[in-house]
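Trainee: I'm new to this one. Could you walk me through it, starting with the empty spaces inside?

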Amino acid sequence: MTASPPVAPPAFGRFFLPGPTDVHPEVIAAMQRPMIGHRSGAMEQLLAGLDAPLARLFRTSHPILVGTTSATGFMEMAVRNGVRHRALSLVNGSFSERFASLVRACGKECIRLDVPLGCAVEPDMLRDSLRRTPVDAVTVVHSETSTGVLQDVAALAAVVREFDDVLLLVDAVTSLSGSPVETDQWQLDFVLTGSQKALALPPGLALAAASDRMRERAKTLPARGLYFDLISFLEATSKHQPTNTPAISLLYALQTQLARIEREGGVEARWRRHEAMRRHVEEWCERRGVTYLPRDGRRSWTVSCLNVPQGRTAKEIVGGLKQAGWTIGSGYGPLKESTIRIGHMGDHTIGALEELLALLSGLLA
Ligand SMILES: *Cc1c(COP(=O)(O)O)cnc(C)c1O
């Protein structure tokens, strides 16, 4: 038996999976620092230093919770602390479907508003639904990573505010930091994200902001559980304490990534870069006659979901790129064969995206 030779890791910038995304070498390097005690002054200092940049990222004056869990954990936090009896779940793909399943899994009633894959829920549909069925919360996925659809959360939030005592719980996993999320201005009650998508960190952290309404609602709910209890998270966060032993190395990575975001010019510069990447793919598609799954105006800025051209297969396209050293995603769930997904999020550049699209042109020629 001979050991297989070590394979050199591909250079940064060629990994366009829509999560986990490519992590910049500077961020990887930050994780090599030695451990600190999770109840030490050093930890308190580290967490205190995250406050301001995180608030700027979430566009909120509320504290940002940082948890050691994948994003699904904070989806559960949203449900356990935000849904009293019954939620309306807007379902337009696999991750919004997961939000609906979580409502039921936490023992609450779930009413679904389904739209076909590739579509968004429009504000009028939401208003009709809320008029017909009283609920106390609405779940929505802002950028549905499985279909590349960007919901108009600002407009949906305005509709929710027309109703009394209804909270809006938002999964912003592939939107936050890649396209505008205005937590306070849009009056969102719970906004959550994970580390390994648009934030371009390794997986393992979830982050969230909660409104005053959400905090008051949580206080009245008896079965909040322990690990995802919003009230104890808020208490610990106000003292710059972690709730439990956190993934310390990932906190180093987060600290470094927040500094890199500020260096880029803040979250708005990041939005502009992602919008430019989306436009780039749109223009390429127009030139090549390739079509999108979502319609114009409802396309995610971080993940482009394209229909596989006639006579081709997703497997052949994804495999061809793989051979050239590049990674994109095939379709997700029921769209596995019929679509491909380019995750141009996090720290990806227009330059690398151009290289990728040139390769894709060659493959489709
Ligand atoms: C990836 C993703 C999730 C789930 O993330 P995990 O970190 O795997 O739990 C939830 N919502 C959206 C929109 C996602 O893209």
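Mentor: Sure, and keep in mind that this is a predicted model. Let's begin with the second largest cavity: its lining includes H62, P63 and L234, along with A210, S211, D212 and R215.

Trainee: How many charged residues are in the lining of the second largest cavity?

Mentor: Sort that lining by class. Three residues are nonpolar and two are polar. The charged ones number two.

Trainee: What volume does the largest cavity have?

Mentor: Start with the search of the whole structure, which turns up two cavities of 30 Å³ or more. The second largest has about 30 Å³. For the largest cavity, the volume is about 260 Å³.

Trainee: Which element gives the largest share of the lining of the largest cavity?

Mentor: The lining holds 21 residues, with L47, V66, G67, Q241 and P242 nearest the centre. At least two residues each come from α2 (41-58), β2 (64-68) and α8 (230-238). The largest share is five residues, and the element supplying them is β2.

Trainee: Which strands are the edge strands of the open sheet?

Mentor: Read the order of the seven strands: β2-β10-β9-β8-β5-β3-β4, with mixed pairing. An edge strand pairs on one side only, and that picks out β2 and β4 (109-114).

Trainee: Which residue in β4 does S89 stand opposite?

Mentor: Look at β3 (residues 86-91), which runs parallel to β4 and is joined to it by six bridges. Helix α5 (residues 123-132) lies across both of these strands and β5 (137-141). Opposite S89, in β4, stands R112.

Conventions. Residues are numbered from 1 along each chain as its sequence is written. This is a predicted model: local features need pLDDT of at least 70, side-chain atom pairs count only at pLDDT 80 or more; totals for chains, interfaces and linings use all residues. Side-chain values use heavy atoms; hydrogens and water are left out. On a 1 Å grid over the protein atoms alone, a cavity is a set of points where a 1.4 Å probe fits but cannot get out, and a pocket is an open set with protein on both sides within 12 Å along at least five of seven lines; lining residues have an atom within 4 Å of a point. Grid points are joined across faces, edges and corners, and a volume is the space filled by probe spheres set on the points. Helices (H or I, at least four residues) and strands (E, at least two) are DSSP runs, numbered from the N terminus. Ala, Val, Leu, Ile, Met, Phe, Trp, Tyr, Cys and Pro count as nonpolar, Asp, Glu, Lys and Arg as charged, and the others, Gly among them, as polar. Two strands pair if DSSP finds at least two bridges between them. Contact means heavy atoms within 4.5 Å. Axes are lines fitted to C-alpha atoms, for helices over the stretch in contact, and angles run from 0 to 180 degrees between N-to-C directions.
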